[in-house]
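Before you read further, please take a moment with the sequence and the model side by side. The notes that follow are meant for someone who has not seen this structure before.

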Amino acid sequence: MDIIKKLENRTFTDGELIRVIENGCEGLRERADEIRRQVYGRAVYIRGLIEFTNYCKNNCYYCGIRHGNGRLERYRLTKEEILLCCEEGYRLGFRTFVLQGGEDPYFGDDLICDIISAIRRKYEDCAITLSIGEKSRESYEAFYKAGANRYLLRHETADNAHYSKLHPASMSLENRKRCLFDLKEIGYQVGSGFMVGSPFQTAQNLVSDIRFLMELEPDMIGIGPFIRHNDTPFAKYESGSLELTLRLISILRLVFPWALLPSTTALGTIHPMGREMGLKAGANVVMPNLSPVSVRKLYSLYDNKICTGDESAQCRSCLENRVKNAGYEIVTDIGNVKRK
Ligand code: SAH
């Protein structure tokens with residue numbers, strides 16, 4: 001059996017997967033696009049990203065908004081500002097709002113629940129997605145009750161030794177996994193994922209990532225290249241490659257035909273046509289920024305992040321064109337996963 005079939009049937013060995021990760025294989029991208037079209041047609045789902053705080057208590061070595069970055073001006077959006085972002089987003093056709101931030105203790109459970117309930121009351125037909133890191137099961141339950149229905153939490157790397165090279169000892173892969181399984185059990189649609197080309201990553205690590213995802217079966221899988229940030233311990237490391245990221249998107253489409261796969265901002269940052277190429281490689285989601293322009297530059301996960309100067313409406317129409325030119329079509333839709 002050829003390797004493409006083995007990926008689709010999930011019968012590949014680690015060695016076979018490593019060979020595809022390292023060298024690609026004939027027809028991979030074409031097959032990924034074919035499967036994506038079978039499951040999702042030409043539709044591209046959009047998610048409006050609201051980056052509501054850049055305060056963070058954690059110290060992930062790769063991330064620009066880490067606690068230890070003393071050079072960053074910090075901000076928080078108020079509930080009213082967040083609601084204004086949603087209002088603008090709804091008008092622009094967004095039916096999913098993603099509230100993302102650092103792990104900011106100022107936003108305790110009650111405040112988060114209050115914000116979620118306010119959005120839920122106004123936008124019954126929208127999905128509310130949270131991406132605010134590791135919390136207790138009780139907190140996740142409270143957010144769910146308040147009206148949140150999706151959660152994004154990348155596992156970052158599924159290898160313990162690699163995880164400890166990217167994070168301080170206070171953080172663990174075990175807790176991150178616990179969070180992901182709790183979220184799933186509670187009933188959230190869950191997104192996980194990893195950075196491509198993060199420092200010390202090996203092809204075997206990527207195999208572990210894919211095997212872990214097969215265990216978790218998330219609804220969304222977000223991957224993007226690692227990009228250095230000047231004010232982090234990883235300031236001197238090379239970014240992840242465009243080619244490897246695209247290849248992994250295609251591999252993920254074969255192994256997870258129904259998955260929501262975003263073509264990420266990080267991919268658009270390392271190449272001007274990165275997001276278009278991501279879509280052609282099998283991705284079917286884009287997540288433009290709905291944050292107020294005044295704070296966008298401050299949500300600096302990595303250097304040279306794109307789209308930090310444009311108004312939301314400009315981003316929306318720019319993306320519309322990009323998606324169209326790539327051969328797909330943005331739809332106004334809540335954009336749920338289509339399971340087998
Ligand atoms: N605090 C939240 C949100 C983190 S930011 C959480 O813990 O989930 C969202 C994602 O950005 C991270 O999961 C990480 O994969 C990615 N990211 C952070 N720093 C990055 C960098 N330097 N290059 C590329 N991606 C990065």
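The points below deal with the sheet, then a cavity, then two pockets.

1. Please keep in mind throughout that this is a predicted model. The place to begin is an open sheet of six strands, which has the order β2-β3-β4-β5-β6-β7 and parallel pairing. On average, neighbouring strands of this sheet are turned by 20° against each other, with direction ignored.

2. Which strands stand at the edges of the sheet? These are β2 (48-53) and β7 (220-225), and each has a single partner strand, so one side of each is left without a neighbour in the sheet.

3. Within the sheet, β5 and β6 run parallel and are joined by three bridges; Leu 152 stands opposite Gly 191 in β6. Helix α8, which spans residues 173-186, lies across β5 and β6 and runs at about 155° to β6.

4. Turning to enclosed space, the model has three cavities of 30 Å³ or more, and the second largest cavity has a volume of about 90 Å³. Its lining is made up of 13 residues, and those closest to its centre are Arg 47, Arg 150, Leu 152, Met 220 and Leu 260. Leu 152, already met opposite Gly 191, is thus named again here among the residues closest to the centre of the second largest cavity.

5. Which elements give two or more residues to the lining of the second largest cavity? They are β3 (96-101), β5 (150-152) and β6 (189-196), and β6 gives the most, with three residues. Sorted by class, this lining has six nonpolar, four polar and three charged residues.

6. As for open space, the largest pocket has a volume of about 190 Å³ and is lined by 15 residues, of which His 229, Asp 231, Lys 297, Ser 300 and Asp 303 lie nearest its centre. The classes in the lining of the largest pocket are three nonpolar, six polar and six charged residues.

7. The second largest pocket has a volume of about 160 Å³, and the residues that line it include Glu 81, Leu 84, Cys 85, Glu 88, Val 293 and Arg 296. Both α4 (79-91) and α13 (293-296) supply at least two residues of this lining, and α4 gives the most, with four residues. By class, the lining of the second largest pocket has five nonpolar, two polar and four charged residues.

Technical notes. Residues are numbered from 1 along each chain as its sequence is written. This is a predicted model: local features need pLDDT of at least 70, side-chain atom pairs count only at pLDDT 80 or more; totals for chains, interfaces and linings use all residues. Side-chain values use heavy atoms; hydrogens and water are left out. On a 1 Å grid over the protein atoms alone, a cavity is a set of points where a 1.4 Å probe fits but cannot get out, and a pocket is an open set with protein on both sides within 12 Å along at least five of seven lines; lining residues have an atom within 4 Å of a point. Grid points are joined across faces, edges and corners, and a volume is the space filled by probe spheres set on the points. Ala, Val, Leu, Ile, Met, Phe, Trp, Tyr, Cys and Pro count as nonpolar, Asp, Glu, Lys and Arg as charged, and the others, Gly among them, as polar. Two strands pair if DSSP finds at least two bridges between them. Axes are lines fitted to C-alpha atoms, for helices over the stretch in contact, and angles run from 0 to 180 degrees between N-to-C directions. Contact means heavy atoms within 4.5 Å.
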